[in-house]
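Student: I would like to learn how to read helices and what packs around them. Could you take me through this step by step?

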Amino acid sequence: MASYAEWNRALVTYFTIGVPRGTKIYLSVDDEVLERIGRDFLSSPVGGSWREDFRAAVREKVIIEEQVNLTNLQGLNFDGFPKGVAFLGATVLATYQMAETEQTSEQNYFRRLRDILDLPGTGRPLGMRQGSIAEEPLWQDWKRWLIAHGFFPSAQRGRGGSTTYINYPISQALLRRADKDQLLRLFDEKQWSAQWDAMTLFAYVRREAPRLSLHLKQLLIDDRQRYEAVAEAIYEVYEQWQDKGSPSVPRLGGERNRGCNLFSGLYRDEDPFSGQIDYYLYPKQLRGCQLDPIKVQLKDKVHHLRSERPGWYFPLDFTVSCSQLDSGARYQIASPDDLDSLILPSRDFWILIPDPENPDSGVYASWGQPTLGTQFIILCNNKLLADLQRLRDERLLEWNGEPIPVLERSDWVELWQCQVISQAWEGIFVENQVLKDALQPTMRLSISFSGGLRVPQMSAWLEGHSPQLTIFGFSPTVKLQVTRLSDNHKILEKSQSTNTPIAVNFPTAGDYLVEATCAGESSERFVRIVDWSSLSVQEPSSCEVIPIGYEHRICGSIIEPVSEPNLNKADA
Amino acid sequence: MPQVKRWYKGYKYRGNPRELVEQISKKIQEYNLSQYVPILRLEKGARSRRPFYFFLAIDSKELGEIPSEVSESNLLNLPSLSVPAVPRSPCFTYEQIKSMVGVAHDVHDYTNPIPYRTVQEFPYDNPFDLIASPPTNQTSSDVDKISQRCEQLFYWLSALGNGTWESFKKACEALGLEEPKRILRRLRLLGHIEASLDGSRWSTAPTALVKVKSHTSSQEFVLCGQRNENLLKKLEQYVTVKVINQSRGNAPPCIRLELASLDELPHLAEQVRSQIGIAIINAGEVSLQLAQVLPELMTWQQGLRSLQGIVPSLYEWKRFDGNVFAETIFCGQTGMYQMWKRTEVDRPLRTLFYDSETQTWQQGDWYGLRFLALHHSNQPCIAQYNSATARLAVPYSQRWPELYERALVLASGQLPTYQKTEQNLWLIYGNVKQELAQLLMEKLCISCSESSV
């Protein structure tokens, strides 16, 4: 049996490893997640099931004399992980098990939680009488940890009444067991086989929303903030269905395998002299696992994937052709055996945003949805221009200049300096719903940093060169608060105009939390200020060398014969 | 293809405007009707529990005609679409309703659009394109201040490892350092950084100790390549370290190490590596090694990057006449040219060298191209060497191609100082062995005289 500490660490790792910084994290623990995590433990599961093993570990840790005791779970453990994550995972598991017909009520939720903890009775268990003292501090620890590590938390307190505290786990559960079974039936009926990515599949599933269950319908239509996460969760079910050979009679319940494909985004490179634009395959890491080394067969050459940053491998030295953009592409993964293909999805458009970790680099790639106020590039098939023009006409989206044709003899164009300028997209209807979903803002507030001297590897700014702050939003003012985390000292608290950059004096090196609040919505960003002495030396990921004649080359002060393969550091 | 006309069908409704929009939006998605029903406009100030008007835009061949796709769906059967805005008036134009509706997105009265500002796109500025400009005088406190900022810039570059020209420029801007192109060039001369041939990317060079001529019995080295505060502190623990500002402070200071003997070097490198994880390469006497492997001027020219596809008639040209760039009509004459867009008046698009023999446009460092132009126009290129002080003087107006100059700079780890005489402004390179000076001058066809500088 794995211990509580092992489950705790494994859950934190599963939900954050291979995930790009800036992603909203959902602690969506369900049976499949527990099975996947469990397979990596060396021990055997209790009762032959990792779900049971997890339950046993949580019970052993928190149940003392038939009471829940969470006092030891507050704060961080020696590894720097929040101690309460496994318990919080158990609370989300309770939500996951709620049946389709079950109402989201406090009574039903605690009945499920008591089942998991093997506690008889009804209502809040003993030891958890007050949510604000019992489980809420654990959610706060998790939230702080996520922010400090560059992620966005997603767990939210309810709006009062009986759901105040149970809303935390409810906001984390994406697909319930009943939803997954319903999706499997849908895939079976539709027999979809195109090379879609998660958001495209999501749009197709959403078309079927009227015939799906109420909970699934709500996930598909109502909650825009969770679209991306729900789309990923649906895609996992889709991959499992495909891995089973797209069976005509899907197996309900039981163990399901994980999808085993990597997806590629696009990395854009513009030649500064000729202005020629090329796109490169930009493989995305698989969430929750570290696989190394990965070799991909591209034409006659094997490419090794190297980790570039959380969530992404380095772009491959392989330009994407027009036909590959048109219809997507699939490349065989030579190793490890667990992985099947690297897939460039078939899409009508790509949204390319500036590097979130180094916006001044001039590089654009498919790093995710643009935050409010960010200018980005839309690469799209020109058949989408009518839809885009409609969005522009209604002053929802703006761009600069005319569409720029890219890739010779193709229908692809780029729109430059695109920016979402309004939030109310509901009254506009376009043909390509996926496009609208991708562009329509999911948040009403966003905190943006600009200028200063950023150290991308450390996700930090240098002391004396801190960034300017802009709160992008659709309200004229917001409440802005900046807190130094080491002593919870508020260094700034004021009403601030939106969409205007301001200079903030971060007095010392350290970690700061920036919070903007308006009309019940809030946005938070973490800022780290470091001093000069904390700068390390980073080996270049690509090294420039200058040829000297035909036989030598130089890099700085190092001269090498051309025959030597690379400039490796060696002992003196 | 028949032209599509847009008209509006009006309704009256009492209820929550947001829910109304969501309800209609779902139906349009469900029946894929966005082509025919593109927009919904609400009456200004629409509020829950008060009746208000709203209008569905319909795109059809004729005004008032409902496309069959819409009529066959059950969109128009929604209860919220049961009360027409005006009985027996099924069709409105935008002009008729404009005064009572806002734009489509005025669902929320508090909506405050995010201002859109276009970012001025500058034509790509090649970091290799410089304009020769004599140095300005600086006080010693200025030198200290700028020197420290340059050191900080280099710490930052070392922490990144590599990046784009854009990021380099922004870092200079953040640190208040002007003329990033010149800073990049100085960092290359000092063996700290390398740039790609097109100038779009840079990477920091490996940390190395470069042997330089010593005036004492000790072994002296300069530190090149990546560094940070920790490295300097660590080196100070083991050997004598001198920090010497560059003459104008406009580059990171020279870090000079004194070792009693060469045998100390492996131990020093091992200590540094094991304690702070930075590997140090013993690069040897790089100035001389570089001078030896550098080709003769004409061979160097052949290795320059050629640019294809330039149509001279599309641009305006200025040719370097030995002193300045003078307007010219391009007629295939060998020389250094500035290429100007007809519409651009501020700065040239690029600076290139044209070789009439091979009919190629070549790209390289600015001073290198100028040196080539001087050579091809048979202007005498000169230098003066003082063997007593081991100093070499090169006229500022005849600055050498960058790699050749790097060999001189790496002889001391210091950029040249400036000295003005009646005829010339001179660049003075220190700690230059006679052998090194001779080797380089032969390769560049420079005539040398003994000097007292």
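Student: What phi does A:Gly18 take just after H1(A)?

Tutor: Helices (H or I, at least four residues) and strands (E, at least two) are DSSP runs, numbered from the N terminus, and just after H1(A), A:Gly18 has a positive phi of about 75 degrees. This is a predicted model, in which local features need pLDDT of at least 70, side-chain atom pairs count only at pLDDT 80 or more, and totals for chains, interfaces and linings use all residues. Residues are numbered from 1 along each chain as its sequence is written, and side-chain values use heavy atoms, with hydrogens and water left out.

Student: Which residues of H1(A) are buried?

Tutor: Buried means under 20% relative accessible area, with a 1.4 Å probe and protein chains only; in H1(A) the buried residues include A:Trp7, A:Leu11 and A:Phe15. Among the elements that cover them, where contact means heavy atoms within 4.5 Å, are helix H2 (31-38) and helix H11 (227-243) of chain A.

Student: Where do the buried residues of H8(B) fall, seen down its axis?

Tutor: An α-helix has 3.6 residues a turn, so residues three or four places apart point the same way. In H8(B), which covers residues 264-276 of chain B, B:Leu265, B:Leu268, B:Ala269, B:Gln271 and B:Val272 are buried. They fall within an arc of 160 degrees (taken from the directions from the helix axis to the C-beta atoms), so they line one face of the helix. Their cover includes strand S7 (208-212) and helix H7 (229-238) of chain B, and H8(B) is followed by B:Gly277, whose phi is positive, near 75 degrees.

Note on methods:
Chains are lettered from A and ligands numbered from 1 in the order in which they are written. The expected span of a helix is 1.5 Å times one less than its number of residues. Buried means under 20% relative accessible area, exposed over 50%, partly exposed in between (1.4 Å probe, protein chains only).
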